[in-house]
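Please walk through this model with attention to how its parts are put together. The paragraphs below begin with one pair of strands and widen from there.

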Amino acid sequence: MHDDSATDAQHTDQSADATADRAADGDATATDPPTDDDQFTVTPYDVAGTVDYDRLLEQFGADRLTDEQVARFPDHPMLRRRVFYAGRDVDRYLDAAEAGETHSIVTGIGPSGPMHLGHVLVFYLAKRLQETTGAHVYVPLSDDEKFYAKDLSFSEIEAATRSNLRDLLAVGFDPERTRIVVDRLDADALYPQAARVAADITQSTVDATYGDPENVGLSFYPAMQATHLLLPQLVHGRHPTLVPIAVDQDPHVRVCRDVAAKERFDVDKPGALLGKFLPALDGPGKMSSSSDAPAIELTDDHETVRAKIMEHAHSGGRVDIDDHREHGGDPSVDVAYQYLKTFFEPDDDAVERLAARYRSGDLLSGELKEIAAERIGEFLADHRERREALGELATELEPYRLTDEERARLRPSVFA
C-alpha cells in the first residue's frame, strides 16, 4: 500500500459478485451517492475538506478498534491515541502475534518524489510492531503505478525510488524479517503472481472501484497491488497479515480480500489497520507534496522545519493576543498540536497539558508551533543521521531483497 494510489471508491458500486462476497464479511464498498451535505472527499487520488472518520467507517464497512484490541498491540502513541482507529480481522493478527506464530505486515509507498512526514510514520509503526512481536514486514514500492498515474518519466521515478529507499533503510527494520520489493526491479518474482491474481479481478470491478482507468497499466495495476498484499503468504505460507494504511487506501485491501476468498488461492484475507491523515500544514487534508503549503520532507533540517511550521501551520488560536489570552484556542484544528498529538509528543499527559493550556489561553499559537518544530526537528535529525550514515545503496539494500529461495517460490516452474 502506498500514499497516493490511483483509485476512487467512496461512492461507487462493485460488480455483483464482489459486492456479495464483501457483504458476507463486512467488506462492502459504499454505494450511497454524494449529497449536498458531503463536505469532504476521501479517495486515493484526492483528500480534501474536514474528514468525517465515523462516516467513513459506515461507508467502508470497517470496525472501530476496541480498547481491548489496542491494549493487545505493542504500545505506540498512534494506536493509544486512535490515529489508527479501525480495521478488519485485527484479532486474527493479534492472536498469531501473541502465540508466536507467523504473522506479517505489508505497507509501502509509490515513489513519485521525496518522502515527507505523512509517508514515514506508518513505517515507524511497522518497525515497532516488528521489534516487539517479530512480525515479517514487506515494503513494496510501486514504481510502475506512478508511471501510469502521474506525469513523470521513468528517470524521475527512479530518482525518487533511490531517495525513498534510503529513507526506508534509515527507519531501521530487521533485515532478517524485512523484504523491500520494487515492482519493475522485481518483476521476475511479482509478475507471475500478479498474472494469477488478474484472472480473478474483473474489468467491471476495476472500473467501479478505481473509476475509468486512463490506460491499460492502471487497469492491470490492481492485480499487482493485490500481489503486494498477499506476498508474505506466498513466500511464508498461509498466515494472518495486517496492512496498516491511511483510510484512502482501503479500496486496495477490499479488492485483495475478494481475490483471497477464491478457493484456488491458499491464502487468508489480509487484515487492515486504518489510520487518520497527518494534516497538511495549511490543514485540514492530508500532508501531500502537491499541497499549496510545503510538506515537511525527511531531509529538512531543524531550521527548515521551524520556518515551514511558523509560516504555514494552520493555527487554532485567536488573531489578537489579548483575545487569545481571554478566550483561548482550539487544539482540534491547530496543525502544530495535531502533529504533537499524532506522534511527536510521546507523553500522553504532556499532550493533554498542552491542549488544556492552549484552550485556557495560557499557551499562544507561536509557542505551540515552537514546541512542535522542536520535537519534529529532533525526530528528523535522528532519521537524517541514520540516512546519511548509509553506504552505497545496492549494498545496503541487499539484505532486504528477496532471497534466491524466496524468488524460486514465486516464479513459474517451467524448467522444473
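In this predicted model, strand S5 (residues 104-106) runs parallel to strand S6 (residues 136-141), and the two are paired over three bridges, where strands are DSSP runs of E with at least two residues, helices are runs of H or I with at least four, both numbered from the N terminus, and pairing requires at least two DSSP bridges between two strands. Within this pair, Val-106 has Tyr-138 of S6 as its bridge partner. Helix H8 (residues 154-171) packs on the sheet and touches S6 and S7, a contact being heavy atoms within 4.5 Å; the direction of H8 makes about 165 degrees with that of S6, with axes fitted as lines to C-alpha atoms, for helices over the stretch in contact, and angles taken from 0 to 180 degrees between N-to-C directions.

Residues are numbered from 1 along each chain as its sequence is written. Because the model is predicted, local features need pLDDT of at least 70 and side-chain atom pairs count only at pLDDT 80 or more, while totals for chains, interfaces and linings use all residues, and side-chain values use heavy atoms, with hydrogens and water left out.

How is S6 covered on its faces? In a regular strand the side chains alternate between the two faces of the sheet. In S6, His-136, Tyr-138 and Pro-140 lie on one side and Val-137, Val-139 and Leu-141 on the other, and all of these are buried, that is, under 20% relative accessible area, with exposed meaning over 50% and partly exposed the range in between (1.4 Å probe, protein chains only).

The wider sheet is open and has seven strands in the order S3-S4-S9-S8-S5-S6-S7, with mixed pairing. Strand S3 (63-64) and strand S7 (178-182) stand at its edges with a single partner strand each, so one side of each has no neighbour in the sheet.

Turning to the interior, the largest nonpolar core (buried Ala, Val, Leu, Ile, Met, Phe, Trp, Tyr and Cys residues joined through side-chain atoms within 4.5 Å) has 65 residues, and those touching the most other members are Phe-73, Leu-117, Phe-123, Ile-296, Phe-344, Ile-376 and Phe-379. Helix H6 (residues 117-133) gives the most to this core, with nine residues. A second, separate core holds 41 residues, including Ala-86, Val-243, Ile-245 and Phe-265.

Two arginines can be set side by side. Arg-387, in helix H17 (residues 365-388), is buried, with a relative accessible area of 16%, and beyond its neighbours within four places in sequence it is in contact with Ser-163, Arg-166, Asp-167, Ala-170 and Thr-299. Arg-357, in helix H16 (residues 348-360), is partly exposed at 35% relative accessible area, and, with the neighbours within four places again left aside, Arg-357 is in contact with Asp-362 and Leu-363.

For the protein as a whole, there are 19 helices and nine strands, and buried residues make up 54% of its 416 residues. The mean pLDDT, the predictor's confidence in each residue from 0 to 100, is 87, and 85% of the residues reach 70 or more. Over residues 3-37, however, pLDDT stays under 50, although the model has 102 contacts beyond four places in sequence for them. Where pLDDT is low, the predicted coordinates should not be read in detail.
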